[in-house]
Every structure is written in C-alpha cells, then in structure tokens.
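Please look at the sequence and the model together, and keep both at hand while reading. The paragraphs below go from charged pairs to aromatic rings and then to the chain as a whole.

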Amino acid sequence: MVRLNKTRINYLDKFQQMIAEYNADSRNVQIFFNDLINFAQELGVEDKRAIACL
C-alpha cells in the first residue's frame with residue numbers, strides 16, 4: 001500500500017509502533033489483538049476510499 005501511495009506512510013508508522021510497543025512488553029496480547037483488528041478495519045476503510053476515487 002505504501003509503495004503505491006506515499007501518503008499512506010502514517011499507516012506503516014502506526015503499525016510499526018504497535019509492534020514495537022508489543023515487543024517491549026508494554027501491551028498485553030489481548031489489547032494488541034484488539035488494536036490489530038481496529039487497525040485492519042481502518043485499512044479496509046482506506047482501501048474503499050481509494051477505490052472510490054478511481
């Protein structure tokens with residue numbers, strides 16, 4: 001997604017931050033899983049928006 005559209009870099013940054021926090025043991029598994037689900041839903045909304053612009 002980032003290769004095709006550089007404006008989506010904030011999604012990559014957010015994902016990398018989530019992983020870093022999990023790896024640093026600042027998040028438990030359940031919270032991390034819930035955050036991943038929410039993140040995936042955000043990406044779905046962004047994909048739909050991008051497709052609508054085509």
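How many salt bridges does the structure hold? The structure, which is a predicted model, holds three salt bridges. As a general point, side chains of opposite charge can pair when their charged atoms come close.

One of the three salt bridges is formed by Lys14 and Glu42, whose closest N and O atoms are 2.8 Å apart. Because Lys14 belongs to helix α1 and Glu42 to helix α2, this pair ties together parts of the chain that are 28 residues apart in sequence. Lys14 is partly exposed, with a relative accessible area of 33%, and Glu42 is also in the partly exposed class, at 32%. Glu42 can be placed against a further residue of the chain, Tyr11: their C-alpha atoms are 9.0 Å apart in space, although 31 residues separate Glu42 from Tyr11 in sequence.

The other charged contacts involve Arg27. Glu21 forms a salt bridge with Arg27, and the closest N and O atoms of this pair are 2.6 Å apart. Asp35 likewise forms a salt bridge with Arg27, where the corresponding separation of the closest N and O atoms is 1.9 Å. Salt bridges that share partners thus join Glu21, Arg27 and Asp35 into one network. As for the surroundings of these side chains, Glu21 counts as partly exposed at 24% relative accessibility, Arg27 counts as partly exposed at 21%, and Asp35 is assigned to the partly exposed class at 21%. Since buried means under 20% relative accessible area, the value of 21% for Arg27 leaves this residue in the partly exposed class.

What of the aromatic side chains? A pair of aromatic rings is described by the distance of the centres and the angle of the planes. The structure holds three aromatic pairs. One of them is formed by Tyr22 and Phe32, which are stacked, with 4.6 Å from centre to centre and 25° between the planes. The word stacked is used here because planes under 30 degrees apart fall into that class. Tyr22 lies in helix α1, which covers residues 9–23, and Phe32 lies in helix α2, which covers residues 29–53, so this pair ties together parts that are 10 residues apart in sequence. The partners fall into separate accessibility classes: Tyr22, at 29% relative accessibility, counts as partly exposed, whereas Phe32, with a relative accessible area of 14%, is buried. Elsewhere, ring pairs link Tyr11, Phe15 and Phe39 into a cluster.

With these contacts in view, the reader can turn to the fold that carries them. The protein chain has two helices and zero strands. Asp25 has its place in the loop between α1 and α2, and the phi angle of Asp25 is near 60°, a positive value in a residue other than glycine. In general, most residues other than glycine have a negative phi. Asp25 counts as exposed, at 69% relative accessibility. Further along, Gly44 lies in helix α2 and counts as partly exposed at 28% relative accessibility. The C-alpha atoms of Gly44 and Gln30 are separated by 21 Å, and these residues are 14 residues apart along the chain.

What are the overall dimensions of the chain? The C-alpha atoms of the protein chain fill a box of roughly 40 × 20 × 10 Å, taken along the principal axes. The radius of gyration is 13 Å, whereas a compact globule of 54 residues would have a value near 10 Å. Of the 54 residues in the protein chain, buried residues make up 13%, and Phe32 is one of the buried residues. The accessible surface of the protein chain comes to about 4,300 Å², and carbon and sulfur atoms account for 60% of that surface.

Finally, the charges can be considered for the chain as a whole. The protein chain has 7 positive and 7 negative side chains, and the centres of the two sets lie 9 Å apart. Among the charged side chains are those that take part in the network of Glu21, Arg27 and Asp35, as well as Lys14 and Glu42, which form a salt bridge with each other.

Terms used
Residues are numbered from 1 along each chain as its sequence is written. This is a predicted model: local features need pLDDT of at least 70, side-chain atom pairs count only at pLDDT 80 or more; totals for chains, interfaces and linings use all residues. Side-chain values use heavy atoms; hydrogens and water are left out. Rings of Phe, Tyr and Trp (its six-membered ring) pair if their centres lie within 6.5 Å; planes under 30 degrees apart count as stacked, over 60 as edge-to-face and the rest as tilted. Helices (H or I, at least four residues) and strands (E, at least two) are DSSP runs, numbered from the N terminus. Buried means under 20% relative accessible area, exposed over 50%, partly exposed in between (1.4 Å probe, protein chains only). The radius of gyration is taken over C-alpha atoms; the globule rule is 2.2 Å times the number of residues to the power 0.38. Accessible areas come from the Shrake-Rupley method with a 1.4 Å probe; for residues, only the protein chains shown count as cover. Lys and Arg count as positive and Asp and Glu as negative; His and the chain ends are not counted. The place of a charge is taken as NZ of Lys, CZ of Arg, CG of Asp or CD of Glu. A salt bridge is a side-chain nitrogen of Lys or Arg within 4 Å of a carboxyl oxygen of Asp or Glu.
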